[in-house]
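Work through these exercises with the model open beside you. Try each task before you read its solution.

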Amino acid sequence: MTIAWHAFTPWSALAGGALIGLSAALLILGAGRIAGISGILGGLFVPRSPDTRWRLAFLIGLIAAPVLWGLFLPLPAVPPVAGTEVIVLAGLLVGVGTRYGSGCTSGHGVCGLSRLSPRSLAATLVFMGAGFATVYAVRHLLSGA
Amino acid sequence: MQVVIALAAGLLFGVGLLLSGMAQPAKVIGFLDLAGEWDPSLALVMAGAIALALPAFTVARRRSRAWSGDALVLPTAHRIDAPLVLGSLAFGVGWGLAGYCPGPALVSLGLDSAAADTFVLAMLAGMALHALITRWRRPA
């Protein structure tokens with residue numbers, strides 16, 4: 001393993017992470033709910049849920065963030081890392097997987113680990129491991145690099 | 001009140017994702033590529049987030065009401081079962097293929113990326129599929 005020092009951005013990563021943690025803290029203490037994005041989004045498919053209003057409000061804030069950001073700073077360029085067919089397959093896997101797995105990077109990774117939940121630790125280890133293995137397969141086994 | 005707090009939390013979460021680099025798929029892949037030139041940045045996103053969220057959840061465990069007056073709801077499931085493991089496995093594969101997890105994908109709707117828009121549509125289809133299957137299995 002070699003470290004990509006030229007790409008390493010420790011301060012913005014820590015500061016961005018701190019804002020995410022602050023958001024999770026605000027949502028649990030202020031509104032009594034877990035900041036798990038897949039749960040908030042997927043929960044909209046549950047008919048007649050009393051949680052629909054705050055879920056929509058959170059998602060509106062999340063999606064509006066680039067608008068606020070763009071008032072002060074240039075938005076990052078985000079070139080895709082895969083072709084359309086792979087993106088569609090990946091989206092389906094993430095959608096189905098996070099709902100069966102009851103959470104994603106935010107719900108299990110941030111909130112679950114902060115609650116010291118063994119179930120969330122297990123989920124986080126599995127999806128991180130699968131992510132590492134997938135990138136290894138795509139970049140080092142299949143591409144022949 | 002709950003709605004206003006949720007809106008603020010969503011905005012804060014989105015700005016955090018943009019600042020952290022999580023909304024850049026190439027950076028996510030750089031973190032997941034242990035065998036290549038590894039960019040450890042995203043481990044620090046997790047560290048920064050947990051540093052603030054952990055004390056908040058420690059306080060939350062002792063409370064039954066949020067500031068908004070609504071019930072404070074913490075997850076009660078604790079079994080490590082097959083849906084948790086297999087679902088997380090599928091999620092991890094998708095994350096590694098596209099470099100998007102759900103939060104960054106939604107934020108990227110505002111970043112002029114056709115790939116992100118496609119990813120979000122497919123992700124919504126996956127979630128709808130799960131909702132259909134689980135409702136069909138457990139008729140009301």
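This is a predicted model.

**Exercise 1. A pair within chain A**

Task: Find which residue's side chain meets that of A:Arg33 in a salt bridge. Then decide whether A:Arg33 is buried or exposed.

Solution:
- Step 1. The partner is A:Asp51, with N to O at 3.2 Å.
- Step 2. Place both residues. A:Arg33 sits in the loop between helix 1 and helix 2 of chain A, and A:Asp51 in the loop between helix 2 and helix 3 of chain A. They are 18 residues apart, so the pair links distant parts of the chain.
- Step 3. Apply the cut-off: buried means under 20% relative accessible area. A:Arg33 has 14%, so A:Arg33 is buried. A:Asp51 has 18%, so A:Asp51 also counts as buried.
- Step 4. Recall the principle. Side chains of opposite charge can pair when their charged atoms come close.

**Exercise 2. A pair within chain B**

Task: Name the residue that forms a salt bridge with B:Lys27, and say where each partner lies.

Solution:
- Step 1. B:Lys27 pairs with B:Asp39; their closest N and O atoms are 2.7 Å apart.
- Step 2. B:Lys27 is in helix 2 of chain B. B:Asp39 is in the loop between strand 1 and helix 3 of chain B. Twelve residues separate them, and the pair links distant parts of the chain.
- Step 3. Check burial. Both B:Lys27 and B:Asp39 are buried.

**Exercise 3. Pairs across the two chains**

Task: How many salt bridges are there between chain A and chain B? Identify the partners.

Solution:
- Step 1. The count is two between chain A and chain B. Over all chains, the structure holds four.
- Step 2. Take B:Asp33 and A:Arg139. Their side chains meet at 3.0 Å, N to O. B:Asp33 lies in the loop between helix 2 and strand 1 of chain B, and A:Arg139 in helix 6 of chain A, so this pair joins two chains.
- Step 3. Compare exposure. B:Asp33 is buried, at 3% relative accessible area. A:Arg139 is partly exposed, at 37%.
- Step 4. Take B:Asp81 and A:Arg119. Their side chains meet at 3.5 Å, N to O.

**Exercise 4. The contact between the chains**

Task: Describe the contact between chain A and chain B by residues and by area.

Solution:
- Step 1. Count the residues. Chain A gives 105 and chain B gives 104.
- Step 2. Take the area. About 9,600 Å² is buried between the chains, and carbon and sulfur atoms give 79% of that.
- Step 3. Look at chain A. A:Leu29, A:Tyr100 and A:Arg119 lose the most area to chain B, together 8% of what that side buries.
- Step 4. Add the polar contacts: 18 residue pairs between the chains. On the side of chain A that touches chain B, helix 1 of chain A has the largest share, with 21 residues.

**Exercise 5. Helix 3 of chain B**

Task: Test the length of helix 3 of chain B against its expected span. Then locate its kink and what covers its buried residues.

Solution:
- Step 1. The helix has 20 residues (41–60). At 1.5 Å a residue, the helix should span 28 Å.
- Step 2. The end C-alpha atoms are 29 Å apart, which agrees.
- Step 3. The kink is about 30°, centred on B:Ile50. B:Ile50 is one of the buried residues, and others include B:Leu42, B:Met46, B:Ala53 and B:Phe57.
- Step 4. The cover includes helix 1 and helix 5 of chain A, together with helix 1 and helix 2 of chain B.

Note on methods. Residues are numbered from 1 along each chain as its sequence is written. Chains are lettered from A and ligands numbered from 1 in the order in which they are written. This is a predicted model: local features need pLDDT of at least 70, side-chain atom pairs count only at pLDDT 80 or more; totals for chains, interfaces and linings use all residues. Side-chain values use heavy atoms; hydrogens and water are left out. Helices (H or I, at least four residues) and strands (E, at least two) are DSSP runs, numbered from the N terminus. The expected span of a helix is 1.5 Å times one less than its number of residues. The bend at a residue is the angle between axes fitted to the seven residues ending there and the seven starting there. Buried means under 20% relative accessible area, exposed over 50%, partly exposed in between (1.4 Å probe, protein chains only). Contact means heavy atoms within 4.5 Å. Buried area is the accessible area (1.4 Å probe) that two parts lose on being put together, summed over both. A polar contact is a pair of N or O atoms within 3.5 Å; within protein, one must be able to donate a hydrogen and the other to accept it, and residues adjacent in sequence count only if both atoms are side-chain atoms.
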